[in-house]
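I opened this notebook to record what I looked up in the structure shown below. The entries follow the order of my queries.

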Amino acid sequence: MHTTNNTLYKQELIRLFGEYCVYKCKSFSQNSVIDKYKANIFLSASYDFRSFREISVFIKNARNIGIISATMLQPCLRVIGYFIAKDSYFNPNMSEQEYLQYFFSLTKNYKTTTIKNYIASLSVFLKFLSNRGYVVRDISNIKINFLKEKILPSCLRDREYDAFLQEVQKMREDSVYSLKIKLAILLVYYTGIRTRELANITLEDIKEDFSQYVIKIKGKCAKERLVSVKKIFIESVYRKFIQARFNRKAQSVYVFQLRNCHIPPRLNINLKPLLQKIDCIQPRGNKLHLLRHSFASFVYRKSRDILLTQQILGHSNLTSTQIYIHLDNELHEKVANFF
């Protein structure tokens, strides 16, 4: 039985959230699980969590066996951990203003979409508590209009884009790790795929088709699309990497996963060393996603076809693609010359 005043103290919250995590992991998609037997043993075990850290380890282990959606539990864990640290308790029916104050504090470090994920993650847990008889606040309609300001993404202009490629081509190829980084950068450079999509590419997803590689991409919301890149651009690096990967006895189905586990790797590649060589380090966003923005801007400037750009990027909404019209300096120069 829960406390009559609806206040959840640390140990009771650990018990409830641990129970919730096990329940959710059993209901999450297991399409990415390679060893179903191992997953069944993991999910069938009895858990008696004593701390939030133990729950965090459970979530990490669930992800490591291939239950990728378990990652969605971490934002909720951070939220309730924050209130426990601050107040020594968590009241699921606290005022909307108290919830909003917390989410507002996240704007210093997180994007709008990330904060919305926090809200969605906590909302599902609150529904779980509601089904257990607790009085909870409905936060699904919390508005975060103060985050609506649109900031244009950083991207490389044509000459910078070409100069960057020249620096990539000079990169070392003397280890499996240097080959991995070089291949990853080249693939995003020539296809504009998201970092997460890059990490999810499997060996079976890459097919040879005459003079090009055709790659099946698993995008957002399980949507699949194909991208292609000419062999002459990546073949040498690709074959060297696959051979180095084989020599290392890497057995994962994911191309860029060098550990012997069947989960996508985390590709956190910093482009600053390369950007510094061509004197174009960006004020923000010097990771692989910078190349996606640069690729999109390049494709739109060359084609002037917003629908083609949308299709290549895998955007479900044209609004997401229209941002690249604003990055077109040539277009702005033409408008300026009207006067």
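**Burial, fold and cysteines**

I began with burial in this predicted model: of the 339 residues in the protein, 46% are buried.

I then looked up the accessible surface, which comes to about 19,400 Å². Carbon and sulfur atoms account for 52% of that surface.

For secondary structure, I noted 16 helices and five strands in the protein. I recorded the span of the C-alpha trace along its principal axes as about 65 × 60 × 35 Å.

Next I turned to contacts between residues at least 6 apart in sequence; 61% of these join residues at least 24 apart.

I also looked up the charges. The protein has 53 positive and 28 negative charges, and I found the mean positions of the two sets to be 4 Å apart.

My last queries concerned the cysteines. How many disulfides does the structure hold? I found zero disulfides. C76 is in none, and the nearest cysteine sulfur to its own, that of C21, is 7.5 Å away. A disulfide, as I applied the term, requires two cysteine sulfur atoms within 2.5 Å. I noted C76 as buried, with a relative accessible area of 0%.

Why does C280 form no bond with C155? The sulfur of C280 is too far for a bond, because the closest cysteine sulfur, in C155, lies 11 Å from it. I entered C280 as buried as well, its relative accessible area being 5%.

Methods:
Residues are numbered from 1 along each chain as its sequence is written. This is a predicted model: local features need pLDDT of at least 70, side-chain atom pairs count only at pLDDT 80 or more; totals for chains, interfaces and linings use all residues. Side-chain values use heavy atoms; hydrogens and water are left out. Helices (H or I, at least four residues) and strands (E, at least two) are DSSP runs, numbered from the N terminus. Buried means under 20% relative accessible area, exposed over 50%, partly exposed in between (1.4 Å probe, protein chains only). Contact means heavy atoms within 4.5 Å. Accessible areas come from the Shrake-Rupley method with a 1.4 Å probe; for residues, only the protein chains shown count as cover. Lys and Arg count as positive and Asp and Glu as negative; His and the chain ends are not counted. The place of a charge is taken as NZ of Lys, CZ of Arg, CG of Asp or CD of Glu.
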